[in-house]
Amino acid sequence: MRTEVFQQYESEVRSYCRAFPTVFKRAKGSFIEGEDGRRYLDFFAGAGALNYGHNPDFIRDKLIDYLRDDGIMHALDMYTVAKGEFIQSLQEKILLPRKLDYRVQFCGPTGTNAVEAALKIARKVKGRQNIFAFQGGFHGMTLGSLACTGNQYNRKAAGTVLPNVTFMPYPFGAMEKIDTIAYMDAVLSDPSSGIDKPAAVLLETVQAEGGVVVARVEWLKKLRALCDKHDILMIVDDIQVGCGRTGNFFSFERAGIVPDVITLSKSISGCGLPMSIVLLKPEIDKWSPGEHNGTFRGNQLAFVGGAAALELWTSLDIQGQVEKKARLVESALRSIIEEVDPRLSLRGLGLIWGVDFTVTGDNDLIERVLAKCFEKGLIIENAGRKGQVMKLLPPLTVSESELQQGLDIIRTSMKECF
Ligand SMILES: Cc1ncc(COP(=O)(O)O)c(C=O)c1O
């Protein structure tokens, strides 16, 4: 199949396919295959939706068994065996061992819907309209989550006001020099600051789309204390960097903090099937029945995949694997930077890493490098405030030799373009 059918009939809104202009057909593990048989190593992993790689045998077989058995496919939010088993495994494998007490809310299938739900419940519980979000943050494309998203290109597309959100500085770039927590404290403590007290602070502990900006542990701890001091809920959006991406299952674990509300999506189903959830402390679960409703809040196959993924989380020791591979990626990227242009900066942890090209002053360079990577068989995307960060997001199950192969492609592509 040629790409004309898409170019002629699919909406102009299509995006990733423009960077990877081939027609894909099959995928396995860390590889995705074009219909022409060409294999690409996937360091994009569905933007973090494929932490267990493509079609992992264990999860795929569970899905096939479920389908063969005529397992229920659609049930609104009725009680089903698949949902019950998912809730049970989330409790037993993730929440209880961490002594975390959360209720689980099933949302519409996309991440943005979980963010909408989190914002709604925070406003309801606290009886306040404002939300503090962070500069550089990304939370989704529907009006509530978009109002909390910094990117101007995306915001403009709303075509309407995006109200009741105040952006606070995330400690990055010029803002790294100021004490952003002290600034927020001053704003909240001054009755004449002109800024309404928020119901919640919404944050990513690692800004992924914002250019792989890793918040320091100390900053996260102080932010938690600030929320407590001013009676504000803390919502951690773990949609991209949760489910093991940073090493721990939840990205905030490294700071030893406990959010009031957590949003999860992307890799929670373990196999790329759409599903999103909100975890709420029981005292915040003040929903009335059906107040946040939706036809597709019960993706049964995603529940089956999700329960299977949590089995893999423990049996494959994903956390241990990520810690080991993180060291390999970090040292390889450092040596590439040293060789190609020592001015470039590197940020990341676990298996999310970003090489920041901003310092080169050549805004098109990153596009050339990514296109070169694709030419050589590697799928990798950019992120960042100005799109200047090459973001590595391989499946967490990637093998060390596959990692090496991808890093070699990055090295030669950069060398050829710089
Ligand atoms: C941190 C974060 N929140 C929310 C979203 C929105 O998720 P979705 O695209 O599934 O609506 C994303 C998507 O990339 C994300 O990275």
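**Close-up views of a helix crossing and a ligand site**

**View 1. Helices H13 and H14 (DSSP runs of H or I, at least four residues, numbered from the N terminus) make a right-handed crossing.** Right-handed here denotes that the near helix is turned clockwise from the far one by less than a right angle. In this predicted model, local features need pLDDT of at least 70 and side-chain atom pairs pLDDT 80 or more, whereas totals for chains, interfaces and linings use all residues. The axes of H13 (residues 365–375) and H14 (residues 400–417) come within 9 Å and cross at roughly 135°, axes being lines fitted to C-alpha atoms over the stretch in contact, with angles from 0 to 180 degrees between N-to-C directions. The two helices H13 and H14 are therefore oblique (neither under 35, over 145, nor 65 to 115 degrees).

**View 2. Polar contacts of the ligand (N or O pairs within 3.5 Å).** Residues are numbered from 1 along each chain, and side-chain values use heavy atoms, without hydrogens and water. A ligand oxygen lies 2.8 Å from a polar backbone atom of Gly111. Side-chain N or O atoms of Gln240 and Lys266 are 2.8 Å and 2.9 Å, respectively, from a ligand oxygen.

Key. Polar contact = N/O pair within 3.5 Å; in protein donor to acceptor, adjacent residues only side chain to side chain.
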